[in-house]
Amino acid sequence: MNEQGKHDTTDVVAYMNRLGHAARAASVVMRRVDSGIKNRALQTMARLIDERRETLAEANAEDLARARANGLSEAMVDRLALKPARIDGMIEGLEQVAALPDPVGEVDGLRSRPSGIQVGHMRVPLGVIGIIFESRPNVTIEAASLCLKSGNACILRGGSEAASSNRALSEIISEALVLSELPATAVQVVATTDRAAVGELIAMPELVDVIIPRGGKSLISRISRDARVPVIKHLDGICHVYIDATADLAMAVRIAENAKTHRYGTCNTMETLLVDAPVAAEVLPRIAERLAAHEVEIRGCERTCAVLPQAVAASAEDWDTEYLAPILAIRVVDGVDEAMAHIERHSSGHTEAIITENYALARRFMAEVDSSSVMVNASTRFADGFEYGLGAEIGISTDKLHARGPVGLEGLTTRKYIVFGDGQIRQ
């Protein structure tokens, strides 16, 4: 039985308060744990998951049966399933995080001051992180591994639909921590399915330093609205690709196809394509032909529909919609200024790309477009922690304070000033 499982969860307020105090105490221990011990804990988790595949499969079967009985869609059921390949993925993810450089304790920016002191920064853990997520039980392991490697304690609240799977994973995590001589309460999975637990978790600023929600727009909107703890989040992924008149059109076609059709349900999928008017008549039919092979519906502006008779007339709402589906909005624009004005008005601040051979224009686009990732001649699908070399990510932030873009180990830390002297006093 894991540590949190020992508590009575009937009184949700008292229960969450106990978890918070335990996490705060564990965070003090975690900030001084060296990389070798943290890596050993992650490797032990990987070994235990491998050894307990059958136990995990039995727990997951309970969740799947309950999901089907409750009428969840097959897509939701599929997200819940801990298939052998997904268990392999959890093990691989733990091993990858263990192999990543540890950001904690890094010192940079040391500079000498006229007084003789040296001033710099040291990277340190955030402290206690609350993570609220839906459906996929493998997020439990992803979140635990990243928080552990970055020296934080965490409280994880998964969806009620994955309760049995998360309970089994929680027991593995706790055992791995104890075997590695770390506090079992460094990672706590909320045992109650009472939704009031979320309200308590996001309202404990004295015990929780930051909240990270992972899930649908309604969940993230609620957390953002009600939290008394700082939140790292993004609400929508309304991503744009702009094809400039100087673009290599063959490249533009490849990128547009990939950005839209590689995966439909991700936050870095292109939802709106902007095309410079001088090349619209030439490039749009080529893109439409590629999209037709994927059965993508095109919703276009008046000029787009004139070039593509098969396009449906776009409504005002289309420019502000994250489809997460085989639907693409296309607008023909008069140059980069109109493209950037459209992005400024309709983007969610996630990821935008320009396809161009004009270096000065590319530099201007990168400087002026205000999103967490801005790309030149590349698919928006690259906006991802693994692709950026972070090894893994806890999510993507469109906020501007603390973390922005894919949030990996470094995003789960902060910096403090450090000063070296040899007896200086302030005159």
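Helices and strands are DSSP runs, numbered from the N terminus, with at least four residues for a helix and at least two for a strand. With that in hand, let's take the close-ups one by one.

**View 1. A predicted model and its confidence.** Everything in these views comes from a predicted model. Averaged over the chain, the pLDDT is 94, and 98% of the residues reach a score of at least 70. Residues 1-6 are a stretch where the pLDDT falls below 50; in the model this stretch has 14 contacts beyond near neighbours in sequence. Where pLDDT is low, the coordinates should not be read in detail.

**View 2. An open sheet with antiparallel pairing.** Look for three strands, which follow the order β1-β2-β16 and pair in antiparallel fashion. Which strands form the edges? They are β1 (107-112) and β16 (413-420), each of which pairs on one side only. From one strand to the next, the twist averages 25°. Strand β2 covers residues 118-125 and runs antiparallel to β16, with eight bridges joining the two. To find your way along this pair, start at V119: V419 in β16 stands opposite.

**View 3. An open sheet with parallel pairing.** Here four strands line up in the order β5-β4-β3-β6, and their pairing is parallel. β5 (187-189) and β6 (210-214) are the edge strands, so named because each pairs on one side only. Ignoring direction, neighbouring strands of this sheet are turned against each other by 15° on average. How many bridges join β3 to β6? There are five, and the two strands run parallel. Within this pair, F133 faces R214 of β6 from the opposite position.

**View 4. Helix α9 lying across two strands.** Keep your eye on β3 and β6, since α9 lies across both. The helix runs at about 165° to β6. Its residues are 217-226, while those of β3 are 128-133.

**View 5. The second largest pocket and its lining.** This pocket holds about 350 Å³ of space. Its lining is made of 16 residues, and those nearest the centre are E134, R157, G159, R195 and L219. What kinds of residue are found in the lining? Six are nonpolar, five are polar and five are charged. Both β3 and α9 supply at least two residues of the lining. Which element gives the most? That is α9, with three residues, the helix that you met lying across β3 and β6.

Definitions and conventions:
Residues are numbered from 1 along each chain as its sequence is written. This is a predicted model: local features need pLDDT of at least 70, side-chain atom pairs count only at pLDDT 80 or more; totals for chains, interfaces and linings use all residues. Side-chain values use heavy atoms; hydrogens and water are left out. On a 1 Å grid over the protein atoms alone, a cavity is a set of points where a 1.4 Å probe fits but cannot get out, and a pocket is an open set with protein on both sides within 12 Å along at least five of seven lines; lining residues have an atom within 4 Å of a point. Grid points are joined across faces, edges and corners, and a volume is the space filled by probe spheres set on the points. Ala, Val, Leu, Ile, Met, Phe, Trp, Tyr, Cys and Pro count as nonpolar, Asp, Glu, Lys and Arg as charged, and the others, Gly among them, as polar. pLDDT is the predictor's confidence in each residue, from 0 to 100. Contact means heavy atoms within 4.5 Å. Axes are lines fitted to C-alpha atoms, for helices over the stretch in contact, and angles run from 0 to 180 degrees between N-to-C directions.
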